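Me: I'd like to zoom in on one small part of this model and then work outwards from there. Could you keep it chatty, but spell out the cut-offs as you go?

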Amino acid sequence: DLQVELILWLLTIKEKYNKIFRYMNNNFKIFDLFPTPVYTVYISKDKDLDINDFEFLDNHDRSVDTYVLNNSKYYNLKQEILNHINNFSYQLGYDCKDYKITQSWVNIKPKSNQHSPHNHSNSLLSGVFYPSNNPDNISPIKFHQSVKSSILPKYLPTEDVPNLNYLESVEFKVKPNLLILFPSYLIHSVNPNQIDQFRYSLAFNSVPLNGLGSEHDLTELKF
């Protein structure tokens, strides 16, 4: 699965370049702070999207409907996604017990089309689901480093001394029935579709059901 592929990729790099991993050495330590979490899981095939249900914009960009998961036909899929959003939030230690999915839409990418880097505003956790009608070899999703120092490019490691801390982007191979969740601020994109078939994905945003902030702290925001 996706996790195994990512681990194997990391181990391959480690074997080729032994310095890529940071170990305790003598009396000093290096801490990798502020990691960015990305959650992946495969959804059972009985919870899926029927692409024939949707009308798409003339430019073949996305569905006309931007509240796809409000359709009662997709109630079970929506609940499955919400269960994983709640689990992701719990694993992150967020003080939010339940979420609501705001907008949800289907992206469609014909051959050669791509999705430029972007993030999702007015949302806490976002995600993408790949329905089963996708082939196994569709373009991966690419996550980009959100914070960069203007001074670093001059001193980035050479290919002889690679370092995961300086990667500007990481690609995740995607397959049918895969669900990916991530913080909405995380910049992501899709490379040009290299195959003749359409690339379909269901994207969505979510916010805590009871809002954000605190009435006592004068930061309350209700949805």
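Leaving aside its neighbours within four places in sequence, which residues is Asn119 in contact with?

Reply: Sure. A word on ground rules first: this is a predicted model, where local features need pLDDT of at least 70 and side-chain atom pairs count only at pLDDT 80 or more, while totals for chains, interfaces and linings use all residues. Residues are numbered from 1 along each chain as its sequence is written, and side-chain values use heavy atoms, with hydrogens and water left out.

Now Asn119. Once its neighbours within four places in sequence are set aside, Asn119 is in contact with Ser184, Tyr185, Leu186, Ile187 and His188; contact here means heavy atoms within 4.5 Å. Asn119 sits in the loop between β3 and β4. Strands are DSSP runs of E, at least two residues long, and helices are runs of H or I, at least four, both numbered from the N terminus. The side chain of Asn119 reaches the backbone oxygen of Tyr185 at 3.3 Å. That counts as a polar contact: a pair of N or O atoms within 3.5 Å, where, within protein, one must be able to donate a hydrogen and the other to accept it, and residues adjacent in sequence count only if both atoms are side-chain atoms. Asn119 is partly exposed, at 37% relative accessible area. For that scale, buried is under 20%, exposed is over 50%, and partly exposed lies in between (1.4 Å probe, protein chains only).

Asn119 also gives us a bridge to another strand: Pro183 is 64 residues away in sequence, yet the two C-alpha atoms are 9.1 Å apart. Pro183 closes strand β7, which covers residues 178-183 and has 6 of its 6 residues buried. β7 has antiparallel partners in β1 (residues 39-42), over 4 bridges, and in β4 (residues 125-129), over 5 bridges; two strands pair if DSSP finds at least two bridges between them. As for who faces whom, Thr40 has Ile180 of β7 as its bridge partner, and Phe129 stands opposite Leu179.

Step back from β7 along the chain and you hit Asn177, in the loop between β6 and β7. Asn177 isn't a glycine, but its phi is positive, about 75 degrees. The residue is buried too, with a relative accessible area of 5%. Compare Leu218, in the segment after β9: its phi is also positive, near 60 degrees, but Leu218 is exposed at 78%.

β3 and β6, which flank those two loops, turn up in an open sheet of 4 strands, ordered β3-β8-β5-β6 with antiparallel pairing. β3 (115-118) and β6 (169-172) are the edge strands with a single partner each, so one side of each has no neighbour in the sheet. Neighbouring strands there are turned by 20 degrees against each other on average, direction ignored, using axes that are lines fitted to C-alpha atoms (for helices, over the stretch in contact), with angles between N-to-C directions running from 0 to 180 degrees. β5 (residues 141-144) pairs with β6 over 4 bridges, and His144 stands opposite Ser169.

Back to β7, which also meets a helix. The buried residues of α2 pack against β1, β2 (99-109), β4, β7 and β9 (199-208). Among those buried residues are Leu77, Ile81, Ile85 and Asn86. α2 has 18 residues, which should span 26 Å at 1.5 Å a residue, and its end C-alpha atoms are indeed 26 Å apart; the expected span is 1.5 Å times one less than the number of residues. Asn86 belongs to α2 (residues 75-92), and a polar atom of its side chain lies 3.4 Å from the backbone nitrogen of Tyr99. Right after α2 comes Gly93, with a positive phi near 85 degrees.

Nonpolar side chains tend to be buried together in soluble globular proteins. A nonpolar core here is a set of buried Ala, Val, Leu, Ile, Met, Phe, Trp, Tyr and Cys residues joined through side-chain atoms within 4.5 Å. The largest has 26 residues, with Leu49, Leu77, Ile81, Ile85, Val106 and Leu202 touching the most other members. α2, β2, β4, β7 and β9 each supply at least two residues, and α2 gives the most, with 5. Ile85 shows how that works: beyond its sequence neighbours within four places, its contacts include Leu125, Leu181 and Phe204. Another core, of 12 residues, lies apart and includes Ile138, Ile141, Val174 and Ile195.
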